[in-house]
Amino acid sequence: MNPGASGVRAEVALFVTCLVDLMRPSIGFAAIRLIESAGYAVRVPAAQTCCGQPAYNSGDRRAAQTLARRFIEQFESYAFIVAPSGSCSATVRMHYPELLADDAEWAPRAQALAAKTFELTQFLVDVAGLTELPARFDGSVTYHDCCSGLREMGVKQQPRRLIGHLPGARLIEMRDCEECCGFGGLFAVKYPDVSGAIVQRKCEAIRSSGAYAVALGDLGCMMNIEGRLRRSGDEFTEVIHIAELLAGRDV
Amino acid sequence: MHFVDRVRQRLDDAELQHNLKRTRGRNAASRAAAVAAFPDFDAVRARATEIRARVLRDLDLWLEAFEAKATESGATVLWARDGEHACELIIDIARRHGVRTVVKSKSMVSEEAGLNAALEAADIRPVETDLGEYILQINDNEPPSHIIMPVIHKSKEQVSALFARVHGTAPKTDIEALTHEARAVLRPQFLGADMGLSGGNFLIAETGSVAIVTNEGNGRLCTTLPRVHVALTGIEKVIPTLEDLSTLLRVLPRSATGQAITNYVSLLTGPRHAGDPDGPEHMYFVLVDGGRADLVGSDFEDMLRCIRCGACMNHCPVYQTIGGHAYGWVYPGPMGSVLTPLYQGLDKALDLPQAATLCNQCSVVCPVSIPLPELMRRLREKQMEQGLRPWRERLATRLWAWAAARPALYAWGARIAVRYLRWLADGRDRIQVMGLAPGWTAQRDFPAPAGATFRDLYARRRQGRA
C-alpha cells in the first residue's frame with residue numbers, strides 16, 4: 001500500500017450513500033478530505049444511486065439484485081470502494097455475494113467487489129494506516145457502535161484509534177455502547193413505539209456518559225438519536241458523524 | 001389482538017416495564033462472563049454448529065437410529081404429526097395406564113401442543129413442577145414469556161401476592177421462603193402422580209437416551225418417581241453420540257444462564273431395568289413434527305439447529321423492551337419471530353419478521369450460529385412474494401427501486417425531496433410532524449436536510465475547479 005512513484009496511492013471510489021447525499025452532504029466532503037489526507041485519490045462515480053439495502057431489507061430481492069448489479073458496474077473498476085456508513089458498506093461486502101450467488105456471471109464480480117469495499121474508518125486505519133488528522137475537536141466524545149458496522153464489518157477499534165489521534169478529543173465510553181439504537185431502517189417508521197423506547201435507552205446512556213458529543217458511523221442511526229435527543233428537550237448534546245468529527249465540519 | 005396493540009399494551013404496563021428494566025442485560029452479562037472464562041468458546045461453538053447441521057442433513061436416518069436404540073432399551077417411540085396428534089397420543093398412553101395425575105417438568109413442545117388444556121379436557125390433571133411454570137399454572141394458566149425463564153416478566157412481589165391468594169398463606173417476598181412454599185405444595189404431587197412428562201433437550205441416537213438439563217431437580221423427580229415417563233420433544237432434537245452431547249452441553253448452559261453446567265443433567269435410557277433402584281415401569285417418547293420436517297432442506301433449515309437456550313431473546317433490544325407475551329405465540333424473541341410464521345403460517349404472524357432492527361446481536365450470541373436476521377429477511381421476502389405486504393408498501397418499494405436504477409431521475413427526485421423537507425422544516429433545523437412518515441415524528445424529530453444534495457454540491461465544486 002505504499003504510495004506509487006507519483007506520491008499518490010491508488011484510486012478510491014467514494015460511495016456517498018443515499019442519506020448523506022440527501023441529508024448531510026458535508027459528511028461526504030469530510031470523507032473525501034480524510035481519504036485524500038491519507039494520500040489516496042478520491043473519485044465519486046457520477047451515476048451512483050443506492051446500494052439497494054432498503055429493498056433488500058424489505059424483502060424485495062429482485063429489486064435489490066437489480067441495484068446490486070448496477071452498483072457493481074459503477075464501482076468495480078476502482079482499487080477500493082469506501083462508504084461513510086457501516087450498513088451500506090456491509091450491504092456490498094457481506095450481502096452482495098449472497099444476493100447474486102446463483103448468477104454465474106455476476107457472482108464472481110460481486111465477490112471481487114466485496115473484497116475491496118470498506119467502511120470509512122476501517123479503510124483509514126486498516127488499509128491506509130492514517131494517524132494524522134486534518135482537524136481538531138476540543139471536547140469529550142462518546143462513540144456509539146452502529147450494528148452493521150460493528151457486527152457485520154468488524155468496526156470497533158478503528159474509530160476509537162482515530163479519535164485517539166484527534167488533537168483535543170477525549171473519548172469516554174458510554175454503557176451498552178454496542179446495543180442497537182432502535183433505528184433499523186423502516187423499523188423506526190413501522191414500529192415507532194418500540195423504536196422510540198429503544199432509542200430512549202440509548203439517549204439516556206449517552207447523556208449519563210457525560211460526554212459533550214456522541215459520534216457514530218451511520219447517518220440513519222444518527223438521525224434517530226439526534227431526533228430523539230431534541231424531542232426530549234436535549235438541545236446540547238452534539239450528535240456528529242465520525243467523518244466530520246475527524247475532518248472538521250467546513251463544507 | 002394485533003401485534004402493534006399488544007406491544008402498546010406492554011409498553012403502557014408500568015409494572016411489566018419495571019420488571020423488564022430490572023432484568024435487562026442480566027443474562028447477557030452472565031453469558032459474557034461465562035464465555036470469557038471459557039478457553040476458546042468460538043471453537044466449541046463451531047463444533048456445536050457442525051454437529052447440529054450434520055444431523056439435519058440426514059435427519060430421517062438419525063431418527064431411525066434413535067428409534068432402534070430406544071426400542072432396544074425398552075422404551076416405546078411414537079411419532080406425532082403435530083401438537084394435536086401429540087396430545088392424542090399422550091392421552092391414549094394415560095388412559096392405557098390408568099393415569100389421573102401428570103407431573104410435568106418444563107417442556108416448550110407441550111406449550112406448542114396445548115397439552116395442559118387437552119389433558120384437562122380428558123379429565124387428567126396436569127401439574128407443572130418447574131417453579132416458574134407452576135407460578136404460571138396457578139395464575140390461571142398464564143403462558144410463559146421466555147423459553148427457559150418462563151416467569152421472568154414477574155416480580156417477587158407479584159408472586160408473593162399470587163401465592164398468598166392461591167395457597168392461603170401469609171404474604172412473603174423472601175425468594176427462598178417462596179420456593180419452600182411451592183416445594184411443600186409440589187412434593188405430594190410427585191409422590192402421588194401416575195405419569196411424569198418431561199421435555200427433552202437432546203435425543204442421543206447411539207444410546208436411545210433423552211438428555212434433560214434442569215436447575216431445580218423437578219425433572220429428576222418427574223422422570224423417576226411415577227410409573228410412566230413420557231418424554232415429549234421435537235424431532236429435530238436428535239444428535240448422534242454422547243460425545244456430541246458433551247460438546248453441546250459446553251455451549252448450552254453458558255449461552256442460556258451463564259452457568260458452566262446446570263445443577264442437574266439427566267440422561268435417561270429406557271424404563272427401569274432389573275436391578276435398577278428406581279425409574280418408571282414404562283417409558284415413551286412422543287416426537288413431534290409440527291412443521292419441522294418441512295424445514296429440512298428448505299431455506300429455513302438453519303433454524304432447526306436451535307437448542308433453545310434463549311440467548312437470542314436475552315440479547316434482543318426488541319424482546320428486552322416488550323417482553324415475551326407481545327409476540328403472541330409460544331416462542332418469543334428472534335427465534336420465535338422465525339419459528340412462529342414457519343409453524344403457524346406466514347400470514348398468521350406478518351409483523352414478527354418485520355418487528356426487528358436486524359441488529360444481528362442474536363446471531364452473534366447464538367451457540368449454534370443460526371443467522372436469525374437472514375432468516376427474518378427471507379421471511380420478509382416470502383411475504384413480498386406471496387403478496388402479503390400492504391400494496392402501498394410494495395408500490396413504494398418498487399417505485400423507489402425503479403428510480404434508483406435511473407441516476408438522472410434519482411438525482412432529480414432527491415432534489416425535490418430535499419426541497420419538500422426544507423419546506424416542512426420551515427426555516428428550522430428539524431421537522432416535528434411528517435405526514436409521509438408519521439411513525440418517525442411520533443417518537444422523535446426529523447433533522448432537516450442541509451439544503452442541497454451532495455451530488456449537486458460536488459458537481460458545482462468540480463465546475464468551480466475547472
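Reader: What makes residues of chain B count as being in contact with residues of chain A?

Author: Two residues are in contact if their C-beta atoms, placed from the backbone, lie within 7 Å. By this criterion, 49 residues of chain B touch 51 residues of chain A. On the chain B side, these comprise 30 nonpolar, 10 polar and nine charged residues. Nonpolar covers Ala, Val, Leu, Ile, Met, Phe, Trp, Tyr, Cys and Pro; charged covers Asp, Glu, Lys and Arg; the others, Gly among them, are polar. The model is predicted: local features need pLDDT of at least 70 and side-chain atom pairs 80 or more, while totals for chains, interfaces and linings use all residues. Residues are numbered from 1 along each chain as written, and chains are lettered from A and ligands numbered from 1 in written order.

Reader: What share of chain B is called buried, and on what grounds?

Author: A residue is buried if 20 or more other C-beta atoms lie within 10 Å of its own, exposed if 12 or fewer, and partly exposed in between. Of the 466 residues of chain B, 47% meet the buried criterion.

Reader: Which residues make the contact between helix 4 and helix 5 of chain A?

Author: Helix 4 (residues 61–75) and helix 5 (residues 86–99) of chain A have axes that come within 10 Å and cross at roughly 115 degrees. Ala64(A), Gln65(A), Ala68(A) and Phe71(A) of helix 4 meet Val92(A), Tyr96(A) and Leu99(A) of helix 5. Set against the residue classes, this contact has six nonpolar, one polar and no charged residues.

Reader: How many helices and strands are there in chain B?

Author: Chain B has 23 helices and 12 strands, helices being DSSP runs (H or I) of at least four residues and strands runs (E) of at least two, numbered from the N terminus.

Note on methods. Axes are lines fitted to C-alpha atoms, for helices over the stretch in contact, and angles run from 0 to 180 degrees between N-to-C directions.
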